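Student: I would like to learn how to read a protein model, one feature at a time. Please give the general idea and then the case in hand.

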Amino acid sequence: MKEMSTTGNSTLGGQQPRKHYGITSSISLAFPREIDHIYTQKLTEAMKPFGVFEGEDELNHRLAVLGKLNSFVKEWIAEISDSKNLPPSSVTNVGGKIFTFGSYRLGVHTKGADIDALCVAPRHIERTDFFSSFFEKLKRHDEIKDLRAVEDAFVPVIKFKFDGIEIDLLFARLALQSIPDNLDLRGDSLLRNLDIRCIRSLNGCRVTDEILYLVPNKENFRLTLRAIKLWAKRRGIYSNMLGFLGGVSWAMLVARTCQLYPNAVAATLVHKFFLVFSKWEWPNPVLLKQPEDSNLNLPVWDPRVNPSDRYHLMPIITPAYPQQNSTYNVSTSTRTIMSEEFKNGLTVTDEILQGKADWSKLFEPPNFFQKYKHYIVLTASASTEENHLEWIGLVESKIRVLVGNLERNEYITLAHVNPQSFPGSKENHNENEFVSMWFIGISFKKLDNSDCVNIDLTYDIQSFTDTVYRQASNINMLKDGMTIEATHVKKKQLHHYLPSELVQRKKKSLGEINRSSNGGGSKRCSLDGSQLDSSRDTDIGTPFSSPTPVSKPCQPVSTPEDSSITPPKHPVLVFIDSPTASEVSPPKPEQGMSIPVIGSKPITTPVAKPPAPPPGNTIPTVVGRSVIPRITSSCPSPTELPNSVNGAPKRPHSPSLEDPPKRHKDTEVFSDDSAFKEPYPPDSNGSDCEERPAVEDLSATKPMPIPTIDTSRSQRLPSKELPDASSPIPTSNIRVIKNSIRLTLNR
């Protein structure tokens, strides 16, 4: 078989030697039974209501659009070649081609999904030509709408709609005189003498093609991947940006399962997927093939050489050179959540294959808003819709910073962010404001020796807001009306933020508003004009900002309510820097503590009055105040996920003003993964090194293990994406809301 790997042979009972897939031999070569085909058909029927399959007419429409775009590119390259005085014979044969990658290339795109494409041009076509003359040529085309270029992105891209189909078009210039129609991008020699932007642009196609090449049966792989992607979206663990897995990572996990069970059909593969990865011993890496060294001196993932790679918690390595870890955003909490979901998926598929349940049970969403007793509500606001789309793109890309900060608090065992954002309710915000909210479920450590512990999360939250404001200021994006606010609420208070039916019956609401399951994910503009889609692969390293000065620790607050977080009832318990009486607004009786603290510098421009939050504990401040929130919470409920990662160092409570905080450098790990388009430029220091055979769970043979360190992500290499901690927080008169959260955790 053409696509079989030649990594090894095995012989079964006198049969001829079999080639196997991947870096190990298969677990089972069993062929499917009749019942397996029946279960596969039922799986297909169960997925149809979610819009994961596109009709024949829609498929033909996509093919027609891509054909027009390919002809358009050839025509443009010929025109540029003629303008650069190439001989007529060369102009005729210069070529040019459009390649696709991502979900469309894998054959698992959903209805209404966009197409990721790559324009490959010969060596005399410059990138500046692509963003000037080709952009202008597109602009003159009647069928092309919503045209915009993002030339300074990590992977430069032109975005547009062609006859109703959204297309993200990258550009790569090869060191070839002409581009033939039968060009194969899998050869490593094509990367020689290319600039890094072309290598990044090519990597998406190269990774996708390599995945398809390494699976035994493409159709079984595609149907299995459709099921796993739908499951991941429904379960709220499909978001590379927020620290879960993106599309290409799920594709590689499914591909590895197919390698281990090469003859199985989709129903069996879905079950085996959960079996394999519920027992996988992370951080052992998932590899589809033995890494190869092409002697091109490009950085690749190798924890033996690159110390930063040893801190990756859930490495899944791309098969194309230069090999990268596609999951460097994964944190302690997100890995714990996904591990629990793998185990839950195994339990459900066991029931399905035993005839005790239907496939629809696998795609039932969790009731996130009933799972935890305590939540952090992160609110991003802007005064105009355009500013709001840009602002939430930046805020969402940095939520991992907040999750990382919370994880390192000694009293927090888990911080679970819901990938779905929600619009702000009109009753809690000004009608002229555009608001988005994210919810983070919090599990607190059980108390053993004390009746009451004060927990202050001001430090964790302010370092996050400082990171976002600093980044926005440095890229000149921060505008009047852009604010971030974090509030603690109990489960019983969520109805102040969300519709009651959403809080009570999450399953029904997710079926209606799940944006990613129907392929038409809600797009958001990023700071560079590109768009963000929670259902797509966007890779950004995880920045961890430096601490900022903190407020005095709160006084113990004892409450009669056991195992609950109660906001302070008296302003004296949460005074920040001893504000005067005139500076403190008394809280509303029915709401949590909300105390505005005015900075020493007068505000010269009028600002909108911050909305009164629902019951919670919030202290908005003006730029420049050293305010740090602190949370006190209750014991985690039995249903909350345990923190399965041990040995992770926890940061104790925030320092007080009497003890000046130590300054740490902003640090961040970036795997220069060009398999994805990244809305924000990652760290150029995130060099990875060549990787060798690694330990795989459930494998028959065990090569030499790659050293990895299972620890929290508190140790990072310096990042060039974010400024150093010494960079000042913006000092303009734009209102910046920070939040002080101080609560009491009872035993």
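Tutor: We will go through the chain as a whole, then a helix pair, aromatic rings, single residues and backbone angles.

Student: What kind of model is this, and how are residues numbered?

Tutor: This is a predicted model, in which local features need pLDDT of at least 70 and side-chain atom pairs count only at pLDDT 80 or more, while totals for chains, interfaces and linings use all residues. Residues are numbered from 1 along each chain as its sequence is written, and side-chain values use heavy atoms, with hydrogens and water left out.

Student: How many helices and strands are there in the protein chain?

Tutor: Helices (H or I, at least four residues) and strands (E, at least two) are DSSP runs, numbered from the N terminus. The protein chain has 16 helices and 18 strands.

Student: What share of the residues counts as buried?

Tutor: Buried means under 20% relative accessible area, exposed means over 50%, and partly exposed lies in between (1.4 Å probe, protein chains only). Of the 747 residues of the protein chain, 62% count as buried. Contacts are another overall figure; a contact means heavy atoms within 4.5 Å. Among contacts in the protein chain with a separation of 6 or more, 79% come from residues 24 or more positions apart.

Student: How do I describe two packed helices?

Tutor: Two packed helices are described by the angle between their axes and the distance between the axes. Axes are lines fitted to C-alpha atoms, for helices over the stretch in contact, and angles run from 0 to 180 degrees between N-to-C directions. Take helix α12 (residues 385-397) and helix α14 (residues 458-474): their axes come within 10 Å and cross at roughly 130 degrees.

Student: What word describes how α12 and α14 lie to each other?

Tutor: Angles under 35 degrees count as roughly parallel, over 145 as roughly antiparallel, 65 to 115 as roughly perpendicular and the rest as oblique. α12 and α14 are therefore oblique to each other. The crossing of α12 with α14 is right-handed; a crossing is right-handed if the near helix is turned clockwise from the far one by less than a right angle, and left-handed if anticlockwise.

Student: Which residues of α12 and α14 meet?

Tutor: From α12, Trp391, Leu394 and Val395 meet Val468, Tyr469, Gln471 and Ala472 of α14. The residues of this contact of α12 with α14 divide into 6 nonpolar, 1 polar and no charged. Here Ala, Val, Leu, Ile, Met, Phe, Trp, Tyr, Cys and Pro count as nonpolar, Asp, Glu, Lys and Arg as charged, and the others, Gly among them, as polar.

Student: How many aromatic pairs does the structure hold?

Tutor: Rings of Phe, Tyr and Trp (its six-membered ring) pair if their centres lie within 6.5 Å; planes under 30 degrees apart count as stacked, over 60 as edge-to-face and the rest as tilted. The structure holds 30 aromatic pairs. In one of them, phenylalanine 368 and tyrosine 372 have ring centres 5.9 Å apart and planes at 65 degrees, so the pair is edge-to-face. Phenylalanine 368 is buried at 5% relative accessibility, and tyrosine 372 is buried at 0%.

Student: Which other pair is worth reading?

Tutor: The rings of phenylalanine 422 and phenylalanine 439 have centres 5.7 Å apart and planes at 80 degrees, so this pair is edge-to-face. It links distant parts of the chain, with phenylalanine 422 in strand β10 (residues 422-423) and phenylalanine 439 in strand β11 (residues 434-444), 17 residues apart. Ring pairs also link Trp231, Trp250, Phe273, Phe274, Phe277, Trp280, Trp282 and Phe342 into a cluster.

Student: Where does lysine 161 lie, and what does it touch?

Tutor: Lysine 161 lies in strand β6 (residues 157-162) and counts as partly exposed at 30% relative accessibility. Not counting residues up to four places away in sequence, lysine 161 touches Glu143, Ile144, Lys145, Asp146 and Glu166.

Student: What is the usual phi and peptide bond?

Tutor: Most residues other than glycine have a negative phi, and most peptide bonds are trans. Aspartate 146 has a positive phi of about 50 degrees although it is not a glycine, and its place is in strand β5 (residues 144-150). The peptide bond from tryptophan 282 to proline 283 is cis, with omega near 10 degrees. Another cis peptide bond joins tyrosine 321 and proline 322, with omega about -5 degrees.
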